Amino acid sequence: MRLDHVSYATSPEHLADVVQRIGALLGAPLTDGGLHPRFGTRNFVLPLAHGTYLEVVAALDHPAADRAPFGQAVRKRAELGGGWLGWVVAVDDLSLLEQRLGRPAVEGNRHRPDGFDLRWRQIGVKGLLADPQLPFFIQWLTDAEHHPSAGANRDIAIDRLDLCGDEDAVELWLGGPTSSVVDDQQIEWVDDEEPGLVAVHFSTPHGVVRID
């Protein structure tokens, strides 16, 4: 298991402004990632060091966003004012998680503007919907050369995740310690009004930038 990406949700109306604001804070522009047709969402991405990336995602006015748990989660977070949707953990094989959670993973894909179709399987978004501190899990089906972290600006990296919640509950969900998924990052447990991913700290050439 390893940290794959962090996801920031907003509304379609505010997507361009949020993308510009986060890009300005980090000193690097996000690029159009394309559409998730199965989920009714679209995103902008920023490749980061250590095989990770940042996405800003919005739920579209599309029936898929109403049906798919991921679309529901993005829309729910946007309706609460937007902010960090959550963190995502990559695994090589989802079968053990499917057995443990008692349900199959779902297929996901993203049509990039260049015509390439990224493909993966994911599980655990329903857990995120019920308890926002929990990550969901992804298994990439596309070759590593097309992973969204490819071509990363190596000067920008995720330094720390600030989480509010119950560390024991998260480790039970992960099936192991949080340290096992964040080799190059730190997790700090903080107090906040609601459980979930409160803030992400990024190391950049001009210092550490905290985005909440």
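A pocket, in the sense used this morning, is an open set of grid points with protein on both sides within 12 Å along at least five of seven lines. With that term in hand, I can introduce the structure above, which is a predicted model.

Let me begin with the pocket that this definition prepares. The largest pocket has a volume of about 460 Å³. Its lining is made of 19 residues, and those closest to its centre are Arg77, Trp84, Pro132, Glu194 and Pro195. Which elements supply at least two residues each to this lining? They are helix H3 (69-79), strand E5 (83-90), helix H5 (125-130) and strand E11 (196-204). Sorted by class, the lining holds 11 nonpolar, three polar and five charged residues.

The second largest pocket encloses about 190 Å³ of space. Among the residues that line it are Phe39, Phe70, Arg103, Gln122 and Lys126. Here H3, E7 and H5 each give at least two residues to the lining. Its classes divide into eight nonpolar, two polar and two charged residues. Please note that H3 and H5 appear in the list for the largest pocket and again in the list for the second largest pocket.

I turn now from open space to enclosed space. Rolling a probe the size of a water molecule over the atoms shows where empty space is left. How many cavities of 30 Å³ or more does the count give? It gives one. This largest cavity holds about 110 Å³ of space. Fourteen residues line it, and His5, His36, Tyr53, Glu55 and Trp120 lie nearest its centre. Strand E4 (53-59), strand E7 (117-123) and strand E8 (136-140) each contribute two or more residues to that lining. The largest share, three residues, comes from E8. By class, the lining of the cavity has eight nonpolar, four polar and two charged residues.

Let us step back to the chain as a whole. It contains six helices and 12 strands. Its C-alpha atoms fill a box of roughly 40 × 35 × 35 Å along the principal axes. Does this chain agree or disagree with the expectation for a compact globule? For 212 residues, such a globule would have a radius of gyration near 17 Å; the chain has 16 Å, so the value agrees. Buried residues account for 54% of the 212 residues. The accessible surface comes to about 9800 Å², and 49% of this belongs to carbon and sulfur atoms. As for contacts between residues at least 6 apart in sequence, 67% join residues at least 24 apart.

Single residues can make that last figure concrete. My first example is Ala199, which is in strand E11. Is Ala199 buried or exposed? Its relative accessibility is 0%, and because buried means under 20%, Ala199 counts as buried. Asp162 is 37 residues away from Ala199 in sequence, yet their C-alpha atoms are 5.1 Å apart. Beyond four places in sequence, Ala199 touches Trp84, Arg160, Leu161, Asp162, Arg210, Ile211 and Asp212. One of these, Trp84, was named among the residues closest to the centre of the largest pocket.

My second example is Gly34, found in strand E2 (residues 31-36). At 6% relative accessibility, Gly34 also counts as buried. Pro113 lies 79 residues from Gly34 along the chain, with 5.6 Å between their C-alpha atoms. The residues that Gly34 touches, beyond four places in sequence, include Thr41, Asn43, Arg110, His111 and Pro113.

The third example, Val56, offers a contrast. Val56 sits in strand E4 and, at 0% relative accessibility, counts as buried. Val56 and Gly102 are 46 residues apart in sequence and 30 Å apart in space, C-alpha to C-alpha. The contacts of Val56 beyond four places in sequence include Tyr8, Leu15, Val18, Ile22, Leu30 and Phe44.

I close with a residue in a loop. Where is His50 placed? It is in the loop between strand E3 (41-47) and E4. Its phi is positive, about 65°, although His50 is not a glycine. With a relative accessible area of 44%, His50 is partly exposed, because that class covers values between the limits of 20% and 50%.

Definitions and conventions: Residues are numbered from 1 along each chain as its sequence is written. This is a predicted model: local features need pLDDT of at least 70, side-chain atom pairs count only at pLDDT 80 or more; totals for chains, interfaces and linings use all residues. Side-chain values use heavy atoms; hydrogens and water are left out. On a 1 Å grid over the protein atoms alone, a cavity is a set of points where a 1.4 Å probe fits but cannot get out, and a pocket is an open set with protein on both sides within 12 Å along at least five of seven lines; lining residues have an atom within 4 Å of a point. Grid points are joined across faces, edges and corners, and a volume is the space filled by probe spheres set on the points. Helices (H or I, at least four residues) and strands (E, at least two) are DSSP runs, numbered from the N terminus. Ala, Val, Leu, Ile, Met, Phe, Trp, Tyr, Cys and Pro count as nonpolar, Asp, Glu, Lys and Arg as charged, and the others, Gly among them, as polar. The radius of gyration is taken over C-alpha atoms; the globule rule is 2.2 Å times the number of residues to the power 0.38. Buried means under 20% relative accessible area, exposed over 50%, partly exposed in between (1.4 Å probe, protein chains only). Contact means heavy atoms within 4.5 Å. Accessible areas come from the Shrake-Rupley method with a 1.4 Å probe; for residues, only the protein chains shown count as cover.
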